[in-house]
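Visitor: I would like a close look at one part of this model, the protein surface that lies along the DNA. Please take me through it slowly, and then show me how the surroundings are put together.

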Number of protein chains: 2
Amino acid sequence: MAKPSFRQQMLQVREDAIVASVNRLLAEKGFDLMTVDEVAADVGIAKASLYKHFVSKEALAAAAMVRVLRDTLDVVRQQAARPDVDACERLQAVTRWALQRQLAGEMPTLPSQNSTLRAELIGNKAYIDLLMQVSEQLGEWIVAAQADGRIDRTLPPEVVLYTLFARACDPVPGVLKSGGQYRDEQIVDWVLAICFRGLATRPN
Amino acid sequence: MAKPSFRQQMLQVREDAIVASVNRLLAEKGFDLMTVDEVAADVGIAKASLYKHFVSKEALAAAAMVRVLRDTLDVVRQQAARPDVDACERLQAVTRWALQRQLAGEMPTLPSQNSTLRAELIGNKAYIDLLMQVSEQLGEWIVAAQADGRIDRTLPPEVVLYTLFARACDPVPGVLKSGGQYRDEQIVDWVLAICFRGLATRPN
DNA sequence: GTCTATAGCCAGATAGAC
DNA sequence: GTCTATCTGGCTATAGAC
């Protein structure tokens with residue numbers, strides 16, 4: 001791979017700044033309420049310039065989702081590299097990271113209903129590839145945790161997987177945070193504990 | 001209270017039809033993607049006629065939310081009237097009802113971010129009153145279930161309350177249903193079991 | 001590639017006849 | 001109260017100069 005020119009590096013930096021803004025605005029307002037004008041103002045460039053980098057609002061959102069999946073995959077790999085840690089603890093570590101990111105206002109949320117956005121994402125190879133990679137690694141850990149007796153064997157692995165994914169858009173942490181009487185760390189501990197106790201093997 | 005005239009009864013019936021449509025469309029597409037034109041078409045009247053009944057799109061959504069809270073309060077009272085049922089089982093019954101309604105496509109969801117909608121709801125006395133009544137009864141049951149040892153005593157009751165409320169907009173049931181390989185009843189059982197096992201008293 | 005200016009569209013809300 | 005027709009504003013997206 002050739003060394004990128006200075007010009008290309010500047011472009012990359014700018015696009016990173018755009019995606020970072022989109023990521024934050026998406027977390028704050030969601031796709032439908034986020035406007036391209038806001039993104040442009042937040043980045044500090046003209047709206048028309050944004051459209052030179054990304055062909056549509058949907059493409060902007062997709063780029064933010066790809067970014068968050070890349071970050072997720074980094075965390076997943078980091079957990080996979082830890083020696084002497086069982087599968088259930090790896091799952092908890094990844095889920096904890098997602099909850100922390102959500103509380104920090106940096107977890108973009110997508111309306112599951114918007115069909116134009118769904119079409120864009122399904123057609124986005126990078127997004128689908130990353131989603132598959134994350135799902136496969138988490139799926140392996142889920143099966144292992146069931147074999148270990150840490151997670152209920154009677155639950156289909158996909159039910160467990162979706163339950164974990166759902167923590168990334170769980171409204172409970174935000175509501176508790178807005179109440180203002182608990183520390184972020186405390187909130188994460190509660191939500192994580194409730195989640196994994198719920199998935200645990202039934203005591204007999 | 002005077003007997004309503006025939007004309008008033010017809011009006012009431014029409015408004016009920018409007019609210020029913022809004023309820024369904026809100027569940028299907030959410031507030032931002034639901035258009036007033038769609039509601040009018042679904043009810044079978046002109047858009048301008050809708051605005052004679054409800055002053056804004058936000059008011060339409062608020063009416064649907066009031067309706068679902070009224071239905072919820074009915075279920076809550078029905079549970080309160082059952083003899084020889086402990087608090088935890090009452091909570092489970094109400095939560096089960098909410099999950100069933102969601103799977104039936106009749107649980108309207110509100111974007112927590114839309115500020116115009118939040119303002120409308122906070123200013124809506126009927127909505128706030130109903131929300132308080134439901135919350136208070138559920139709160140009592142939560143405290144009782146903690147005293148019974150059915151729910152973890154170390155969790156603040158409001159954390160438990162929000163966790164239960166969140167089942168009404170949990171994405172997991174919908175995702176599992178869209179997969180098409182499980183019966184609704186099975187899905188509800190899993191989500192309910194995961195939820196309440198998560199809240200249960202820690203085994204020692 | 002960046003900007004200003006604007007096209008085009010769509011959805012919420014209203015006017016005014018009946 | 002119901003309708004048809006229209007207004008209005010805001011948003012996505014683009015034209016065209018530099």
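Guide: In this predicted model, the largest share of the surface near DNA strand C, 4 residues, is supplied by helix 3 of chain A. Helix 1 (6-33) and helix 3 (47-53) of chain A, and also helix 3 of chain B, each give at least two residues to that surface. In total 16 residues surround DNA strand C, and the closest are Ala46(A), Ser49(A), Lys52(A), Val36(B) and Tyr51(B). Of the atoms of DNA strand C that come within 4 Å of the protein, 59% belong to sugar and phosphate. By residue class, the surface near DNA strand C divides into 8 nonpolar, 4 polar and 4 charged residues.

Individual atom pairs give a finer view of this strand. A backbone N or O atom of Val36(B) is placed 2.9 Å from a phosphate oxygen of DNA strand C, and a polar backbone atom of Lys57(B) is 3.0 Å from a phosphate oxygen of that strand. For Lys47(B), an N or O atom of the side chain lies 3.0 Å from a base nitrogen of DNA strand C.

Lys47(B) also has a partner within the protein, since its side chain meets that of Asp37(B) in a salt bridge with an N to O distance of 3.2 Å. This pair links distant parts of the chain, with Lys47(B) in helix 3 (residues 47-53) of chain B and Asp37(B) in helix 2 of chain B, 10 residues apart. Both side chains are partly exposed, Lys47(B) with a relative accessible area of 36% and Asp37(B) at 45% relative accessibility.

Turning to the other strand, 17 residues surround DNA strand D, and the closest are Lys47(A), Tyr51(A), Ala46(B), Ser49(B) and Lys52(B). Sugar and phosphate make up 58% of the atoms of DNA strand D that come within 4 Å of the protein. The largest share of the surface near DNA strand D, 4 residues, comes from helix 3 of chain B, while helix 2 (36-43) and helix 3 of chain A, together with helix 1 and helix 3 of chain B, each supply at least two residues. The residues of this surface divide into 8 nonpolar, 4 polar and 5 charged. An N or O atom in the side chain of Tyr51(A) is 2.9 Å from a phosphate oxygen of DNA strand D, a polar side-chain atom of Arg14(B) lies 2.9 Å from a phosphate oxygen of that strand, and a backbone N or O atom of Lys57(A) is likewise 2.9 Å from a phosphate oxygen there.

The arrangement of the two protein chains comes next. Chain B is superposed on chain A by a rotation of 180° with 0.1 Å of shift along its axis, at an RMSD of 0.1 Å, and the two copies are thus related as by a two-fold rotation axis. In chain B, the C-alpha nearest the axis is that of Gly198(B), at 1.8 Å from it. Of the interface residues of chain B, 97% are also interface residues in chain A, so the copies meet through the same surface.

Salt bridges come to 26 over all chains. One of them joins Asp42(B) to Arg24(B), with the closest N and O atoms 2.8 Å apart. Asp42(B) lies in helix 2 (residues 36-43) and Arg24(B) in helix 1 (residues 6-33) of chain B, so the pair ties together parts that are 18 residues apart in sequence. Asp42(B) is partly exposed, with a relative accessible area of 36%, and Arg24(B) counts as partly exposed at 33%.

Another salt bridge runs between Asp152(A) and Arg202(A), whose closest N and O atoms are 3.5 Å apart. Because Asp152(A) lies in the loop between helix 7 (125-148) and helix 8 (157-165) of chain A, and Arg202(A) in the segment after helix 10 (184-199) of chain A, this pair ties together parts that are 50 residues apart in sequence. Asp152(A) is buried, with a relative accessible area of 3%, whereas Arg202(A) is partly exposed at 44%.

In chain B, Asp152(B) is buried with a relative accessible area of 3%, and its side chain makes a polar contact with that of Arg202(B) at 3.5 Å. Leaving aside neighbours within four places in sequence, the residues in contact with Asp152(B) include Arg197(A), Gln146(B) and Leu199(B).

Definitions and conventions. Residues numbered from 1 in each chain as written. Chains lettered and ligands numbered in written order. Predicted model: local features only at pLDDT ≥ 70, side-chain atom pairs only at ≥ 80, totals over all residues. Heavy atoms only, no water. Least-squares fit on C-alpha atoms with pLDDT ≥ 70 in both. Contact = heavy atoms within 4.5 Å. Salt bridge = Lys/Arg side-chain N within 4 Å of Asp/Glu carboxyl O. Buried < 20%, exposed > 50% of the residue type's maximum accessible area, 1.4 Å probe, protein only. Near = heavy atom within 4 Å. Polar contact = N/O pair within 3.5 Å; in protein donor to acceptor, adjacent residues only side chain to side chain. Nonpolar A, V, L, I, M, F, W, Y, C, P; charged D, E, K, R; others polar.
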